[in-house]
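User: Please walk me through this structure in a few friendly questions and answers.

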Amino acid sequence: MSSRRVLIVGAGLAGSLLAVYLARAGWQVEVVERRSDPRARRFAAGRSINLAISARGIKALRRAGLEDAVMKDAIRMGGRMVHPVEGAAGYQPYSADPTRAINSVSRSALNLALLDAAAAEPNVTVRFDERCASVDFAKGEVAFVNDATGASRTASADLVVGADGAYSAVRGALQKTERFDYSQEFLGHGYKELHIPPVATGPHAPFAMEPNALHIWPRGESMMIALPNPDGSFTCTLFWRHDGAGSSFAAVKSGADALAHFRKVYPDAVPLMPTLAEDFERNPVGSMVTVRCSPWTRGRVALIGDAAHAIVPFYGQGANASFEDCEALVDALATAPSVEEALKAYERARIANANAIADMALRNFIEMRDLTGRASFKWKKKIEHALNRIMPATFVPLYDLVSFSTVPYSEAKARGAGNDRAIRRVAVVAFGIAVAVVAIAMVALVRGAAS
Ligand SMILES: Cc1cc2nc3c(=O)[nH]c(=O)nc-3n(C[C@H](O)[C@H](O)[C@H](O)COP(=O)(O)OP(=O)(O)OC[C@H]3O[C@@H](n4cnc5c(N)ncnc54)[C@H](O)[C@@H]3O)c2cc1C
């Protein structure tokens, strides 16, 4: 067994999964996390924050033997339930295949399952309350600080992985090195989490609404979504502009203002949200950022997950993509002759894919907040699903490629663009046929009238 040592900075979703993989591949693993140990708060009551896991994430969890443990509490979401301002909500399936669904899972339960699995490996050490403060790339050395006690130490390893999230300190250190390309783009929208509690009665009790759907209230420039939790509640996320008038966090500040605004803009949600005013006032506004950078590796140091590619959450793919990174890195380390060559192979396999899902996630915001409420969008989805039923091998809709397959993101993006061209051709041909039919009918009418 190899005695190679890896130091993973960050025990979030990607860092914990990578620890499991590398420990089982024979590495001595040290994971260092800035926060305190979440296992100490395991049974603390609190509201669920969830995220959607789909094919890529499930594949990576299966590889770690964690699919059943995580998916047993997941709630399937087979489509979007779109809530207009007036009238009944309408269901739009995600796929022509009704067995396909994305899955709502608790973020903290997922992190705990991964952390438990990592800590159960005899060759893994996890240390909490230590923040990565700096990285020495030449020595492969990381300096950590305990902010509560002021204690500091350095650690080194054969491989250092920055799995420390969107505001990564490891990436921050890379930014100070030469020829490191970096861009960071904040969205003009922020987000705030709200809550729909379980109900005692009703057609979906304990759920207040259909549980097997991702609920969307598309409102053009803004939207609210809601994902179900196993206890019957929903976690709602409001995506509003930071600034400006109307639906913005600058314009609607107090709980009372929020209630009044919701009565106009999300009227069917208000009776389901008894703590709306308090939640709105109490819960913070989060920012969303797209981070692109290159290279992801320098010497024996690599970035993974959000540290390498923070993306906006509108395709539900950030964690899924991070899990794919873990698979790609461990595969490269298993086959390449040296750590340095493995890291180069890993970044070659992943950077273009990360940029592709970053682009698609930004575009999906417009689809979710605006297009899902339009008749043209519903027709486009119907045509896509019909073409997929007729030609399942050649026409696969983009949503299916991203969420229900493990086709590389860059290939999915290119095939999605091809699909759009094919649909435009279908629309032109259908329009041509319709015009021809109308013309023939008119000619027949004129002839009939003349004879
Ligand atoms: C509102 C929202 C909704 C989302 N919904 C989805 C979804 O539905 N599906 C999906 O796939 N993805 C979703 N995502 C994205 C997903 O949360 C991230 O992609 C995922 O958490 C990335 O995992 P990570 O391990 O790279 O980073 P993180 O999970 O952020 O973990 C990073 C870890 O590093 C630690 N850390 C940070 N700095 C340091 C330091 N200096 N030293 C030591 N440790 C440090 C942190 O404390 C943390 O534990 C969503 C994101 C947001 C914001």
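User: Which residue in β19 does Val160 stand opposite?

Analyst: A note before we begin: this is a predicted model, in which local features need pLDDT of at least 70 and side-chain atom pairs count only at pLDDT 80 or more, while totals for chains, interfaces and linings use all residues. Residues are numbered from 1 along each chain as its sequence is written. Strand β12 (residues 159–162) runs parallel to strand β19 (residues 301–303), with three bridges between them; strands pair if DSSP finds at least two bridges between them, and strands (E, at least two residues) and helices (H or I, at least four) are DSSP runs numbered from the N terminus. Across this pairing, the residue opposite Val160 is Val301.

User: Which strands are the edges of the open sheet?

Analyst: The sheet has six strands with mixed pairing, in the order β8-β2-β1-β12-β19-β18. An edge strand pairs on one side only. That description fits β8 (124–127) and β18 (297–298).

User: How many helices and strands does the protein have, and why is it as compact as a globular protein of that length?

Analyst: The secondary structure comes to 13 helices and 19 strands. For 451 residues the globule rule (2.2 Å times the number of residues to the power 0.38, with the radius of gyration taken over C-alpha atoms) gives 22 Å, and the protein is close to that, so it is as compact as a globular protein of that length, with a radius of gyration of 25 Å.

User: What share of the residues is buried?

Analyst: A residue is buried if 20 or more other C-beta atoms lie within 10 Å of its own, exposed if 12 or fewer, and partly exposed in between, with C-beta atoms placed from the backbone. Over the 451 residues, the buried share is 42%.

User: How far apart are the centres of domain 1 and domain 2?

Analyst: The domain assignment, automatic or from a database, gives domain 1 (5–74 + 104–184 + 289–365), domain 2 (186–287) and domain 3 (375–439). Taken over C-alpha atoms, the centres of domain 1 and domain 2 are separated by 30 Å.

User: Which elements give two or more residues to the side of domain 1 that touches domain 2?

Analyst: Domain 1 puts ten residues into the contact and domain 2 eleven, where contact means C-beta atoms, placed from the backbone, within 7 Å. On the domain 1 side, the elements giving two or more residues are β3 (50–53) and β7 (102–106).

User: Which residue in β7 stands opposite Ala52?

Analyst: β3 and β7 run antiparallel and are joined by four bridges. Both faces of β3 are covered, with Asn50 and Ala52 buried on one side and Leu51 and Ile53 buried on the other. Opposite Ala52 in β7 is Ser104.

User: Which element gives the largest share of the shell around the ligand?

Analyst: There are 31 residues around the ligand, and those that come nearest are Gly10, Gly12, Gly165, Gly305 and Gly318; near here means a C-beta atom, placed from the backbone, within 6 Å. Elements giving two or more residues are α1 (13–24), β3, β9 (131–136), α8 (306–309) and α9 (318–335). With four residues, the largest share comes from α9.

User: Which residue in the hairpin of β9 and β10 takes a positive phi?

Analyst: β9 and strand β10 (residues 141–145) run antiparallel, joined by five bridges, and Ser134 stands opposite Ala143 in β10. Four residues lie between the two strands of the hairpin, and the positive phi, near 65 degrees, belongs to Gly140.

User: Is Arg179 buried or exposed?

Analyst: Arg179 lies in the loop between α5 (169–175) and β13, and has a positive phi near 55 degrees although it is not a glycine. Because Arg179 has 7 C-beta neighbours inside 10 Å, this residue counts as exposed.

User: What is omega for the cis peptide bond that joins Ser294 and Pro295?

Analyst: Most peptide bonds are trans. Pro295 sits in the loop between β17 (286–294) and β18. For the cis bond from Ser294 to Pro295, omega is about 0 degrees.

Conventions:
Two residues are in contact if their C-beta atoms, placed from the backbone, lie within 7 Å.
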